[in-house]
There are 2 protein chains.
Amino acid sequence: MTDDAQKPQGKRERASADRRLKIRDAAMMCFLEYGFHQTGVRDIAARANVSLGNLYNHFPGKHDVLVEIAALEREELAPFVRQLSKTGPAVRQFDKFVASYAKYLSRPENVILTIEISSEAIRKPDLGQLFAENRSHLTSAIADLLRRGRDAQAFDFATDPEDAALMVLELLEGRAYHCVLNETKMRAQLPGLQMFLHAALGVKS
Amino acid sequence: MTDDAQKPQGKRERASADRRLKIRDAAMMCFLEYGFHQTGVRDIAARANVSLGNLYNHFPGKHDVLVEIAALEREELAPFVRQLSKTGPAVRQFDKFVASYAKYLSRPENVILTIEISSEAIRKPDLGQLFAENRSHLTSAIADLLRRGRDAQAFDFATDPEDAALMVLELLEGRAYHCVLNETKMRAQLPGLQMFLHAALGVKS
DNA sequence: ATATATTGAACGAACGATTGTTCATAATAT
DNA sequence: ATATTATGAACAATCGTTCGTTCAATATAT
């Protein structure tokens, strides 16, 4: 009868999960605004309207909150992977991916959080691995598409597809980062980017 | 008679300048090993064999030490700018630049320090500007070379040269960063990178 | 159905360590 | 003698984390 009949959760578990999300989101906003190391655990708790001690009931420590955010990023990347593995004309699909991922990267918060995570990942192996895995899902999906396109002679490039996929991604992210720092529009960069990529991948035009 | 006759410095000024360098280098090592925010001022002073208070005689604060390091990076980039503006066959010159800059980026300390600086630059305008200027010297030098090469029909690309130069740089740095995180050799990536860039810039082969 | 026991979320004071910076004092070069 | 540099103790603030405690929700026994 009650609405929690569908999901086998008690009031308690549900509330707890909500709190976790609230803390995670508050932390995201803080890390975004101040940076990871400039954010205190108290800042997160305050923004989440949660007591300091309670935060530690939901997370072992500050570091783990960032890990949770990195894991969230993985979920946000999943739709792009799915989109890439659809069937269809390779070039058209590639272009759609580039455009949509560029749009995703045009939101500064996505770029800044990625930088924050990746800079922390240098010295924190667990974050590093999570980050690398996130990335590798995307690149292998791109690589598959490139291979398929090359087999169908829609692409013509000599580089190893896996390498090429990495470079496509690095190019996209590099431009996005550049746009954030210089406060320019990512959208304005898209045509040039597309041309550059088409040339690099040998798209017939 | 004395060797400091050439440079009009007293013993004192010279010693002071040396101290400054020692502090700067010690800070570099610390930032490299622990990261900027994980490094305490005391760590820097200790590694430089300098008292805590004395460090503040040479630098207004911790932030300014990082600025000094960013300024050093500018000097390290200058040779590449000079190399780029030499005369000679455009493609050959471009390849030499890519190879030598890739070699520079193959040293992890260069990459990590750049990340450390750029991540701090997001929220510190002065660092951001310094960083952007460093970068723009390089890109405009690359852009000039690309323009020259295209005029001589050694290159064939449709993108705006300034944009193309940025993308070349982002690609190089992106790959370098990737190599640091995954602990792979930058040298192994160079051939694929060269091919990719040649295709993108329409180098006849 | 009612009473009792168990659980774990919520809280904020308290902890010890460390932060970046300042300052009075001592040493030293000019 | 004077001006500059070197020193480390002292400062206030903040750090991430732990603590004992309260209390509401759940599970169990009656």
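How many residues does the contact between chain B and chain A take from each chain? I will come back to that below, after a few words on the model.

1. **Confidence.** Please keep in mind that this is a predicted model. Chain A has an average pLDDT of 93, and 96% of the residues score at least 70. Within chain A, helix H5 (residues 90-105) has the highest confidence, at 97, while H1(A) has the lowest, at a mean of 91. I would read residues 1-8 of chain A separately: there pLDDT stays under 50, and the model has two contacts beyond four places in sequence for this stretch.

2. **Overall build of chain A.** What does the secondary structure of chain A consist of? It comes to nine helices and zero strands, so to speak a run of α-α-α-α-α-α-α-α-α when read along the sequence. The C-alpha trace spans about 60 × 45 × 30 Å along its principal axes. Of the 205 residues in chain A, 36% are buried. Taking contacts in chain A between residues at least 6 apart in sequence, 64% join residues at least 24 apart.

3. **Two domains.** The domain assignment divides chain A into domain 1 (6-59) and domain 2 (66-205). Their C-alpha centres lie 30 Å apart. Where the two meet, seven residues of domain 1 are in contact with eight residues of domain 2. The domain 1 side of this contact has five nonpolar residues, one polar and one charged.

4. **Chain against chain.** Back to the opening question: the contact takes 32 residues from chain B and 32 residues from chain A. On the chain B side, the elements giving two or more residues are helix H6 (108-121), helix H7 (125-151), helix H8 (161-182) and helix H9 (186-201). H8(B) gives the most, with 12 residues. By class, that side of chain B has 16 nonpolar, 10 polar and six charged residues.

5. **Nonpolar cores.** The largest nonpolar core has 89 residues, and A:Ala27, A:Ile44, A:Ala200 and B:Ala200 have the most contacts inside it. Which residues does B:Ala200 touch, leaving aside its neighbours within four places in sequence? They are A:Phe196, A:Ala199, A:Ala200 and B:Phe157. Apart from this core lies another, of 19 residues, including B:Leu55, B:Leu66, B:Ile117 and B:Leu127.

6. **DNA strand C.** This strand is surrounded by 20 residues, the closest being A:Gly53, B:Lys11, B:Gly40, B:Gly53 and B:Gly61. Two or more residues each come from helix H1 (11-34) and helix H3 (52-58) of chain A, and from helix H1 (11-34), helix H2 (41-47) and helix H3 (52-58) of chain B. The largest share of this surface, four residues, belongs to H3(A). By class, the surface near strand C has six nonpolar, nine polar and five charged residues.

7. **DNA strand D.** Which residues come nearest to DNA strand D? Of the 21 around it, they are A:Gly10, A:Lys11, A:Gly40, A:Gly61 and B:Gly53. For this surface, H1, helix H2 (41-47) and H3 of chain A, together with H1 and H3 of chain B, each supply at least two residues. The surface near strand D divides into six nonpolar, nine polar and six charged residues.

How values were computed
Residues numbered from 1 in each chain as written. Chains lettered and ligands numbered in written order. Predicted model: local features only at pLDDT ≥ 70, side-chain atom pairs only at ≥ 80, totals over all residues. Near = placed C-beta within 6 Å. Nonpolar A, V, L, I, M, F, W, Y, C, P; charged D, E, K, R; others polar. Buried ≥ 20, exposed ≤ 12 C-beta atoms within 10 Å, placed from the backbone. Core = buried A, V, L, I, M, F, W, Y, C linked by C-beta atoms within 7 Å. Domains from an automatic or database assignment. pLDDT = per-residue confidence, 0-100.
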